[in-house]
Structures are given as C-alpha cells and as structure tokens.
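This report covers empty space inside a protein model and one helix packing. The structure comes first, then the details.

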Amino acid sequence: MQEVRVELKDFRKERRNIFDIPAAGSILRNINFLNGVRLFLLFLVIYAIVYGFINPTKENLFTTGLFWGLFWPFFMIITLPTVGRFFCTVCPHGFLVRFFTKIGLNKNLPVKLKNPLIGLFVLILVYWFVVYTFPSVYNNPLPTALLFLGFTILAITVSFVFRNGVYCKYFCPIGSICTSFNRVGFTWLSTNHEDCLKCKKPDCAIACPYKFNPSKFDSKNSMEECTLCMECANACSSVRWEIRKWGHSLYEKIPKPQSFEVWTYILIIGVITITMKFHHGLSRTGLSDSLPWTIIGKYLDSIFHFPKGVDIVGFVALLMGIGSALLFSAVGFYIASKILNTDYTNLFNNIGYAFAPIMIVGGLSHALSFFFFDYYPHFVNGISQAFFLNITVEPLASRSDPWLRVFTIFNYIAGFWSLYLVHKRMSLFGFNLHPKYKLAFLFVSALPIFYILLSVFQQYAFMAYPPTFHHHHHH
C-alpha cells in the first residue's frame, strides 16, 4: 500500500512541471513554434485592422469580433485566473516588442516613465471611459481598428527606441493588469533550485529579453513583469513552469510588495467590476430611474443638453464606481491601521493583495454568459466573413435565459475567496492576535464585503424588477 502511495507522489511531482508533459514541453520550449503562433496572431491583428478601414460599417463583424469577442474575453478573462499570463506568451505585440528591441536604438527609459500604472491609465482613458460615455463607439469597426493600430504603432516605436522590452512593462494597456492578476492563476515560472546552486552564469537571466532572473522568482514570491515568453526555458532545461495551488503566492508574504499591483486591483475593480454592476447591471432593471447615477446624469443632461451618443449617466456611473472602490479600500485600510496601531502604507501594500480575485474571477460570470449569446456568434460569423467560409452560427442562448444566471456563482467565489485571503494575509503578519482583530478585519474587508452585497442586491433587483429594455454592449 505504502509503495503505491510513493509511486503516486512521484508521479504527481513529475507532472507538476508543465514542461515535463511531453507534447506541451516540446511545444512551449520551442521558440520557433511559438513565433509561428505569434506571427499568425499578428497576421490576424493586421488583417482585422485593415479590414476595419476597408469595411467601416457595422456589417463588418470580423474586426470587432476578433478584438472584443476573442482577445478580451478569452485571452484575458478566461486565461488569466487559470493558466496565468499565457496571453503574453502568444501576444503579437510582445513579438513585435522583442523584435524591435533587438534591432533598435537601445536607449534607457527615463526614470519618470518607469511606472506600470501609465499603461493602466491609458486603458481607462481610451477604452473604459469611451465604453461608458460614448457606448456605441467600439461597436463600430473603424474606431476599433484605429485603437489597435495606435497600440501597435506605440509598441513598435517605444521598443525601437528603448531597451529591455519596456513597452510590456510600463506602456502596454493590459500590462499591469496581467502582472497583478497573474497571481490568481495556478501556474508559476520557477527553476530547479538544486541546479541553480551550482550555476555561476544563469543562462535563464541572460536569455530574458526583459532582464529578469527566473531563479529569483520563488524567493521574491513575485514573477515581476515576466511575460512568459519562454526564452529562458529555451535557454536552460532547469527552468520549470509549475502547476501550483490556485493563487498560491497570495497566501505567502511578498518580500517587496508593489503598491502598483494593489492600486491596479482597486482601480480595475472600480472601473470594470463595480461600474459594470451599476450601469450594465442595475441600470437595466426596473429600478433604473431611482439609481443615484441615473438621477445625477439626467439632472446634468437637463442643464447641459449633451449631444446624442453621449451617455452621461454612464460617465457618472464610472465616477461613482471608481469613487466607491477608492472609498471602501483607502478609508477601510486607514481606519483598520488606526485600530491595529500600525503603519497605513504597510498594511495597504501587504494586505491589499487579498483583493486580487474580485475582478478576474468575478469577471468569469460576465465573460461566460456573454460567450453563449454574443461572443461566440460574433467571433465565428466574423471569421467566416473575413475568410469567405460561408458559415453562419446562431447564438447558443438568449440573454434572458434564466440558466445563464448559474455563472453568477463566480461573483460569490471571488468575493468570499477575497475575504478568506484578507484573513490569511492578516494572519501572516500576526494581526489576528490583536484584541481588536475582528473589527479591523471588517474595515480591511470593506471592499469585498461591498462587492458581495452589491452582487446580492443586483440579483434581487433582476428578480424583483426585471429588465425593462435591451441594453446591448460587447464588453
């Protein structure tokens, strides 16, 4: 019996390294194969941009279908909380970044620009602000093509001028999101530590286009801004891509916590999670006219008479979404730091990692239900149109189908996982031994508690005051 157990343990140990799985290992370590996939995706991106310019009307399903029906929901929302930053592995922009960095001017990026929040603010401004305030813009192929053309030119220019792939680190609009939410998945890049002890010249670090050292990822409990480009794995056989416990790094101390990661969680929860629940959730119910963002928005519209196409209610909802996330996190941490008599920044930077699951796991609820009635037909019909395949598919469900509500379970998984992480992370620093721990826990958890209550209220509103109109959007 014992023998069987030992064999099972060895088997599991062996399989934990994804590179040890025969087909996966040879594919992922093969840079030529990965470059082939990246070039194919680059071709799709360029084709979709050109197609958007040639066919700028809404009859063009391909441009919007590729970017909003595949890239955002599948690569971002589905892969980040599972296999981690795998989107970056095949990202066509990442391919351009590494290519143009190699042949470029190799200059140092000014220190002032070394801020991963730059890309996040660009994303909020050129994407989310537009989605809420001018909701029909990105349903059109031309603005979508212009947006992706702009990012492609930016990626090439920045990479040609500066060294070390700084576009991915600081300017990519989803770069800080990928770095921060990468922690939620179950994969981790690491190295065989016994081999590294004997290593005088780490090939993995020398091969890394971003100048990271994968052998230090475990001791730092951070993969930094690693894009999983697999150059290190190609250079050294001791590099491992491991399957670990879901979100394992969030259960341990992080020696150098990065405030930008916590700020990314909070801002994205405000901009995406809360604002979506406000404006694309509650605003669709019969309660719409009684909601504060509707009342304020309509009042502003009665004064300024905004032109058609401007959704001022959506803009107010965005401001209130961001305001709520900032209020519940910053004020919650401030009061908790007073209760615990500890440093505010220290508490914020170390415990704030507990908010990681909320947007990305909660986002599964939205992405999976939209897959059945929007993303799937939009993407497949778009591909069919662009490549003359003569295939037409119908949505797999209607938006009003009750069974789609099953995916709301992810909202609660996200919220309660976050609460559990708050407790675990506070225990790591011994705060659970403080006599007023329970009170401090409530204040630190103000944001996840608000999120859970908002999810419950939204579900109640949908049942008691069913949607009164169809509010279509792709995001």
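Which helix gives the most to the lining of the largest pocket? The answer is H19, with 10 residues. The model under discussion is predicted.

## Largest pocket

The volume of the largest pocket is about 840 Å³. Its lining consists of 39 residues, and those nearest the centre are Ser365, His366, Ser369, Thr408 and Gln458. By class, the lining of this pocket splits into 18 nonpolar, 16 polar and 5 charged residues.

Several helices take part. At least two lining residues come from each of H4, H15, H19, helix H20 (409–428) and helix H22 (446–464).

## Packing of H15 and H19

Two helices that contribute to the pocket lining, H15 and H19, also pack against each other, at an angle of about 30° and with their axes 9 Å apart. H15 spans residues 259–281 and H19 spans residues 356–386. Because angles under 35 degrees count as roughly parallel, H15 is roughly parallel to H19. Their crossing is left-handed.

On the H15 side, the contact involves Tyr265, Ile268, Ile269, Ile272, Thr273 and Met276. On the H19 side, Ala356, Ile358, Met359 and His366 take part. This contact has 8 nonpolar and 2 polar residues, with no charged ones. His366 thus appears in two places: in the contact with H15 and among the residues nearest the centre of the largest pocket.

## Largest cavity

Apart from the pocket, there are 2 cavities of 30 Å³ or more. The largest cavity has a volume of about 460 Å³. It is lined by 29 residues, with Phe87, Phe148, Cys172, Pro173 and Ile174 closest to its centre.

Two or more lining residues come from each of helix H4 (62–78), helix H5 (86–90), helix H6 (92–103), helix H7 (117–133), helix H8 (141–161), helix H9 (166–171) and helix H10 (175–181). H4 therefore contributes to the lining of this cavity as well as to that of the largest pocket. The cavity lining holds 23 nonpolar, 4 polar and 2 charged residues.

## Second largest cavity

How many residues line the second largest cavity, and which are the closest to its centre? There are 14 in the lining, and the closest to the centre are Leu189, Cys208, Cys226, Cys229 and Cys232. The volume of this cavity is about 100 Å³. Its lining is made up of 12 nonpolar residues, 1 polar and 1 charged.

Methods: Residues numbered from 1 in each chain as written. Predicted model: local features only at pLDDT ≥ 70, side-chain atom pairs only at ≥ 80, totals over all residues. Heavy atoms only, no water. 1 Å grid on protein atoms, 1.4 Å probe; cavity = no way out; pocket = protein on both sides within 12 Å on 5 of 7 lines; lining within 4 Å. Points joined across faces, edges and corners; volume = space filled by probe spheres on them. Helix = DSSP H or I, 4+ residues; strand = E, 2+ residues; numbered from the N terminus. Nonpolar A, V, L, I, M, F, W, Y, C, P; charged D, E, K, R; others polar. Axes fitted to C-alpha atoms, helices over the stretch in contact; angles between N-to-C directions. Parallel < 35°, antiparallel > 145°, perpendicular 65-115°, else oblique. Left-handed = near helix turned anticlockwise from the far one by under 90°. Contact = heavy atoms within 4.5 Å.
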